[in-house]
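Dear colleague,

Please find below the structure that I am handing over to you. My findings follow directly after it, and I would be grateful if you read them with the model open.

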Amino acid sequence: IFRNKLTYFAAAKVSSSFPPAELPEIAFAGRSNVGKSSLLNSLTRQWGVVRTSDKPGHTQTINFFNLGTKLCLVDLPGYGFAYAKEEVKDAWEDLVKEYVSTRVGLKRVCLLIDTKWGMKPRDHELINLMERSQTKYQIVLTKTDTVFPLDVARRAMQIEENLTANKSIVQPVMMVSSKTGAGIQSLRTVLAKVARF
Ligand code: GTP
Ligand code: MG
């Protein structure tokens with residue numbers, strides 16, 4: 001499915017402008033700068049459709065992309081961005097929270113965690129929300145190229161152990177690097193199955 005053409009089709013700043021949910025959706029959430037947009041590019045091997053940036057807080061709207069005619073991929077704005085004004089920051093968070101807890105057709109949220117930094121309070125907040133709304137999610141460790149392989153494995157184990165009591169999580173923790181391509185094919189395989197159901 002990831003060979004299909006990726007086309008941008010909608011952006012939303014408020015929930016009233018979410019496009020109608022006509023396809024199964026997979027969304028990418030996580031702190032600002034964790035590598036959400038880069039991962040979308042790597043998964044689809046299509047660079048330039050989803051914009052990435054060195055500047056945290058780059059993606060400020062929920063962006064919807066069609067992958068062919070069977071699946072919708074959703075790039076969520078990152079949270080925890082230090083430079084944005086408080087009100088703006090809160091508005092983004094409310095938007096993301098509303099999306100993950102109410103969106104019809106949302107099959108899976110990939111919650112991206114920077115391997116080097118691990119989980120932060122905002123990540124736990126989002127997890128709690130997804131547990132409450134029974135939204136299926138899985139953890140994806142990003143930028144694995146920035147730490148030693150042993151530390152990647154340690155981080156994954158630590159997170160898995162921390163979340164064993166959770167009900168809506170889909171294990172195992174996936175590990176990827178958009179820079180080297182490590183783990184990208186495994187994640188494609190997992191997500192392709194999600195898209196089929
Ligand atoms: P926001 O839109 O601000 O929420 O950020 P984002 O999560 O979409 O991050 P984005 O994909 O724009 O990447 C942020 C920065 O991290 C960019 O400078 C990327 O080049 C870098 N980056 C992304 N993935 C990787 C990776 O796997 N390895 C390394 N070393 N850098 C990465
Ligand atoms: Mg982004």
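In strand S4, Leu-71 is the bridge partner of Leu-67. Please bear in mind from the outset that this is a predicted model. The pair belongs to a wider arrangement, since strand S3 (residues 62–67) and S4 pair in the antiparallel sense over 5 bridges. Together S3 and S4 form a hairpin, with 3 residues between them. In the turn of this hairpin, Gly-68 has a positive phi of about 60 degrees. Further along, Phe-64 stands opposite Val-74 in S4.

On its other pairing, S4 (residues 71–75) is joined to strand S2 (residues 25–30) by 4 bridges, and these two strands run parallel. Two of the partners in S4 may be located by name: Cys-72 is the bridge partner of Glu-25, and Val-74 is the bridge partner of Ala-27.

How many of the residues of S4 are buried? The count is 5 of the 5, so S4 is largely enclosed by the rest of the structure. Both faces of the strand are covered: Leu-71, Leu-73 and Asp-75 are buried on one side, and Cys-72 and Val-74 are buried on the other. For S3 the count is 5 of the 6 residues, so this strand too is largely enclosed by the rest of the structure.

The sheet as a whole may now be described. It is an open sheet of 7 strands in the order S1-S3-S4-S2-S5-S6-S7, with mixed pairing. The edge strands are S1 and strand S7 (174–175), each of which pairs on one side only. Helix H3 (residues 121–132) packs on the sheet, where it touches S2, S5 and strand S6 (137–142). The direction of H3 makes about 165 degrees with that of S5.

At the S1 edge, 6 bridges join S1 to S3, and the two strands run antiparallel. Within this pairing, Phe-65 in S3 is the bridge partner of Tyr-8. Strand S1 (residues 6–12) also contains Ala-12. Ala-12 counts as partly exposed because it has 16 C-beta neighbours inside 10 Å, whereas a buried residue needs 20 or more. Setting aside residues up to four places away in sequence, Ala-12 touches Ser-17, Phe-18, Thr-61 and Ile-62. Cys-110 is 98 residues from Ala-12 in sequence, and their C-alpha atoms are 19 Å apart in space.

I turn next to the interior. Nonpolar side chains tend to be buried together in soluble globular proteins. In this model, the largest nonpolar core has 47 residues, of which Ala-27, Phe-28, Ala-29, Val-109, Leu-111 and Leu-112 touch the most other members. Strand S5 (residues 106–114) gives the most to this core, with 6 residues. Leaving aside neighbours within four places in sequence, Phe-28 is in contact with Lys-36, Leu-39, Leu-40, Val-74, Asp-75, Leu-76, Cys-110 and Leu-112.

Three of those contacts lead to helix H1, whose buried residues include Lys-36, Leu-39 and Leu-40. In H1 (residues 36–44), 9 of the 9 residues are buried, so the helix is largely enclosed by the rest of the structure. Polar residues are part of this, among them Ser-37, Ser-38, Asn-41, Ser-42 and Thr-44. Arg-45 follows H1 and has a positive phi, near 55 degrees.

With kind regards

Key
Residues numbered from 1 in each chain as written. Chains lettered and ligands numbered in written order. Predicted model: local features only at pLDDT ≥ 70, side-chain atom pairs only at ≥ 80, totals over all residues. Buried ≥ 20, exposed ≤ 12 C-beta atoms within 10 Å, placed from the backbone. Contact = placed C-beta atoms within 7 Å. Core = buried A, V, L, I, M, F, W, Y, C linked by C-beta atoms within 7 Å. Pairing = 2+ DSSP bridges. Axes fitted to C-alpha atoms, helices over the stretch in contact; angles between N-to-C directions.
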